[in-house]
Amino acid sequence: MAPSRRLAALARHVAVPEPGDTRISVSATAGSLGVRGKTAFNSAEVLKAFASDPEWAGKPVWMLNLLRFTGEGAGASDYAEYAKGMMSDVFPRFGGRAVMSGYCRTVIGQRGYHQVSIVEYPSPQAFVQMVTSGAQASKNEPRLKGLEEQYLIPVQPGWFHIDRPAPAPAKTFTHFTVDNVWATPGGLVGASARGARVGETSSAREQAEAFVADTKLGDDKIVWHLNLLHFKPGGGEETYSKYAKAMGGKSGTLSLFGARSVMAAKCFRSLIGEVSFDQAIIVEYPCRDSYLSMSASEEYMRTAHFRHEGLQDTYIISCLPELVDKTPPSPASVS
């Protein structure tokens with residue numbers, strides 16, 4: 001059977017959990033799966049709501065994982081053992097597939113993370129069936145050993161014109177090092193832009209210097225920046241949209257620096273993690289200096305304040321797209 005037909009069949013035959021389904025409340029939110037809100041689900045209610053929400057139920061979904069490993073990253077090997085077993089044995093049973101994965105570093109945000117991954121499922125129901133199954137539980141020990149905390153965020157699936165070539169940069173890039181990154185005024189670093197909250201909506205000094213010193217995100221490597229956006233209530237999204245308008249389009253600020261969006265997705269409430277975000281956006285930059293040069297540019301600084309003023313909580317996570325599956329999501333649905 002073709003993959004798309006197999007996913008569609010799975011989506012049609014996975015039942016939505018009923019309110020009294022104790023498998024969710026006992027097995028999936030605490031105990032053997034970890035610490036609630038850190039490595040286990042925030043609550044049984046949010047998991048049930050995800051499986052039954054009419055906007056999401058019966059449709060393909062991407063599960064965005066933001067992972068912080070134990071031992072300052074040393075737990076990555078234990079988590080890799082878990083991921084290997086899931087990909088070879090468990091994901092195929094429930095129609096899951098890895099979409100994206102890569103090493104990462106927090107550039108803006110209050111917590112450091114080590115890896116980003118996205119896994120597609122044919123429906124929320126298929127995901128819930130997987131996480132409440134014995135198959136998942138049998139693989140979980142190395143996950144708990146390697147994982148300190150995570151975000152698990154359902155997002156609407158699909159890349160944004162990922163096969164189109166990136167724009168040629170019209171601007172030259174400054175080379176940034178630990179010697180100049182903090183001293184250079186920028187809308188994404190420090191407090192140069194109006195409304196910037198250092199460490200929350202712009203990089204703190206430690207974050208900026210660690211970013212430019214990170215050899216894995218080397219000077220000439222393409223980097224993807226995951227932006228998680230939680231808007232301020234009462235007009236935050238409208239304020240942010242003024243910033244977004246200036247950034248996008250063929251003549252927008254991103255294009256001037258050879259950058260482009262490759263994902264823009266609505267988020268469901270976080271299944272694991274303390275903050276729920278409204279949108280998840282991935283921006284591709286031709287290199288680290290492109291991002292930092294853009295931040296320091298006149299064009300960026302003109303509208304940077306709209307971003308700071310519109311956001312309640314945010315992360316920018318710089319990552320290497322080591323695995324990317326460009327296959328479109330399956331058009332599965334529940335009949």
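Which residues of helix 8 (residues 205–213) are buried? The close-up views below, taken from a predicted model, begin with this helix.

**View 1. Buried residues of helix 8 and their surroundings.** Q207, A208, F211 and V212 are the buried residues of helix 8. Viewed along the axis of the helix, these buried residues fall within an arc of 125 degrees, so they line one face of helix 8. Their cover includes strand 2 (97–108) and strand 5 (223–231), together with helix 11 (288–295) and strand 8 (311–319).

**View 2. Contact of helix 9 with helix 12.** The axes of helix 9 (residues 236–247) and helix 12 (residues 298–310) come within 7 Å and cross at roughly 155 degrees. Helix 9 is therefore roughly antiparallel to helix 12. The crossing of the two helices is left-handed. Helix 9 contributes G236, T239, Y240, K242, Y243, A246 and M247 to the contact, while helix 12 contributes Y300, T303, A304, F306, R307, E309 and G310. Of these contact residues, seven are nonpolar, four polar and three charged.

**View 3. E72, a residue with positive phi.** Most residues other than glycine have a negative phi. E72, which is not a glycine, has a positive phi of about 55 degrees. The residue lies in the loop between strand 1 (61–69) and helix 4 (76–90). Its relative accessibility is 71%, so E72 counts as exposed.

**View 4. H161, in the loop between strand 4 (147–155) and helix 8.** H161 is a residue other than glycine with a positive phi, near 50 degrees. With a relative accessible area of 38%, H161 is partly exposed.

Key. Residues are numbered from 1 along each chain as its sequence is written. This is a predicted model: local features need pLDDT of at least 70, side-chain atom pairs count only at pLDDT 80 or more; totals for chains, interfaces and linings use all residues. Side-chain values use heavy atoms; hydrogens and water are left out. Buried means under 20% relative accessible area, exposed over 50%, partly exposed in between (1.4 Å probe, protein chains only). Helices (H or I, at least four residues) and strands (E, at least two) are DSSP runs, numbered from the N terminus. The arc is that of the directions from the helix axis to the C-beta atoms. Contact means heavy atoms within 4.5 Å. Axes are lines fitted to C-alpha atoms, for helices over the stretch in contact, and angles run from 0 to 180 degrees between N-to-C directions. Angles under 35 degrees count as roughly parallel, over 145 as roughly antiparallel, 65 to 115 as roughly perpendicular and the rest as oblique. A crossing is left-handed if the near helix is turned anticlockwise from the far one by less than a right angle, and right-handed if clockwise. Ala, Val, Leu, Ile, Met, Phe, Trp, Tyr, Cys and Pro count as nonpolar, Asp, Glu, Lys and Arg as charged, and the others, Gly among them, as polar.
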